[in-house]
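Trainee: Could we go through this structure together, slowly, with each term explained as we reach it?

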Amino acid sequence: MDTAMLIEKSALVLLLFLISLGVAAYQTYFERKLAAWIQDRVGPDRAGPFGILQPIADGTKMFLKEDFIPAKADKWLFIIGPGISMFTALITSSVIPWGPNLNLFGRDISLQVADFNIGILFVFGVVSIGVYGIMIGGWASNNKYSLYGAIRASSQMISYELAMGISAITIVMLSGSLSLNDIVQSQHGINWNIFYQPVAFFIFFITSLAELNRAPFDLPECESELIGGYHTEYSSMKLGLYLFSEYTSMFVSAAIMSVLFFGGYNFPGMDAFSGNLLAVMCIAAFALKIFLFIFVIMWIRWTIPRFRFDQLMHLGWKVLIPVAIVNMLITGLVVAWNQGWM
Amino acid sequence: MSLQMISVILGSLTIASALMVVLSKHPIRSVIYLVITFFFISAMYILMNAQFLAIVNMIVYAGAIMVLFLFVLMLLNLNKEMEPETTRMSVITAVIAGGTLFLVMITALRDTFQYGKGYVQAPVQDAGLVEQLGKLLFSKYLVPFEISSILFIAAMVGAVLLAKREKQIID
């Protein structure tokens, strides 16, 4: 590894970090505006024109609040919990291919931090350890409601991970690779996986909502039953980190969904362009797809009521997993037929 | 840093966190140390260029099994008063059992020093990558692979049957 590569990778990591945080901050503003629009209100409009400085005001407020640790809480785990949540939310962005190679200063710069040959498994690995942040934080608070939230989060995540994995396997079967870069490149132009795997996309989308703890699957923090769920005892920036990590993972999972099913940075008619112009347009197309997914996720939150816990388990185990398995079997048969193995 | 250095540092960290699993007083902390141990083991796999194994170790052990462990421990809410009493007899049996295991492990360690080439060797190109692993599993080790998957299916069917025995009506 030469020095130039080290510098460009570090710059990319820093840039991704800042973009993820910035997007997450403005997602909170966007969500409040969208909620206001859906509910026929005005929404935040005090800080700056159209309330555009609202995220900064919110962030400052979070920092200035008293940082409180309950007396009977497990101090270290209480502090570590939000950190784990934020870490797992941020680290996934390292395997996402954000665009084709960019040519700067006579060097081809890959817009993917790590072209891991098992990128999709890395994403699942990070998703599966993401639950620790919530579990540890909820348990360490030493509060019954927090514990309920933590237990709900873990059972929900374990149940929905299965259907998520099985629905994503069909994409691996179609593209024949576990690398996210290969998966994106196999969807050149408008040859997107969504046209081959609508059922898998549907399952993947629902399970992503559940993994994100977003409505209608936000039982771990369900206000009407559990006060604040796993973050009941949290205050100040620790609470801020939990809320922030939810928005960051929403951004990243919107990116993952567009990579797996909507062609990533590919867009129809991309062959007419080349070089840096193509790269910039690809990044713009990818950003547009991510924005649309974030919009849909928020739209769902303000439209559909929350599930009951037994309905959640019923949906996960008795509907999504069987449908995902049947979908996987059919895909397997079709792939085998096309390859001439049958 | 050489490969040897990294493997020595990683190995000592692994052993330290594994010791903390046994030594820490609180069961929840033990589980968290165990998760950390699994991460170090995953790092060891990556050092040997076995990325697939590393990630699967992370997904299956750290991500699924340990979450279930933590889940059960949180529900039990164990504390000092609920700890079972240890009699002199149980201490002696535990020491004998642990000592025997330790002896076997030391013998195994001696064997690796005698026949192996020390610590980690420089990774063979592509050896642990998923393509190579898949080809091996579906050619040389096909029969053991299929038999173990049948074992898994049997276990799963058994678990479902056990859970289903009580007729629950949830509407």
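What follows is a set of questions and answers on the contact between the chains, the nonpolar cores and one serine.

Mentor: Before we start, this is a predicted model, in which local features need pLDDT of at least 70 and side-chain atom pairs count only at pLDDT 80 or more, while totals for chains, interfaces and linings use all residues. Residues are numbered from 1 along each chain as its sequence is written, chains are lettered from A and ligands numbered from 1 in the order in which they are written, and side-chain values use heavy atoms, leaving out hydrogens and water.

Trainee: What is the area buried between chain A and chain B?

Mentor: The size of an interface is often given as the accessible area lost when the parts come together. Buried area is that loss, found with a 1.4 Å probe and summed over both parts. Carbon and sulfur atoms give 77% of it here, and the area itself is about 2200 Å².

Trainee: Which residue of chain A forms a salt bridge with R29(B)?

Mentor: A salt bridge is a side-chain nitrogen of Lys or Arg within 4 Å of a carboxyl oxygen of Asp or Glu. The count between chain A and chain B is 1 salt bridge. Its closest N and O atoms are 2.6 Å apart, and the partner of R29(B) is D74(A).

Trainee: Which helix gives the most to the side of chain A that touches chain B?

Mentor: Helices are DSSP runs of H or I with at least four residues, numbered from the N terminus. At least two residues each come from α3 (75–91), α4 (119–140) and α5 (144–175) of chain A. The most, 11 residues, come from α4(A).

Trainee: Which residues does S159(A) contact, leaving aside its neighbours within four places in sequence?

Mentor: S159(A) lies in helix α5 of chain A, and S159(A) is buried (under 20% relative accessible area, 1.4 Å probe, protein chains only), with a value of 2%. Contact means heavy atoms within 4.5 Å. By that rule, the residues are M313(A), W317(A) and I321(A).

Trainee: With which side chain does the side chain of S159(A) make a polar contact?

Mentor: A polar contact is a pair of N or O atoms within 3.5 Å; within protein, one must be able to donate a hydrogen and the other to accept it, and residues adjacent in sequence count only if both atoms are side-chain atoms. The backbone oxygen of S155(A) lies 2.6 Å from a polar atom of the S159(A) side chain. The side-chain partner, at 3.2 Å, is W317(A).

Key: Buried area is the accessible area (1.4 Å probe) that two parts lose on being put together, summed over both. Buried means under 20% relative accessible area, exposed over 50%, partly exposed in between (1.4 Å probe, protein chains only).
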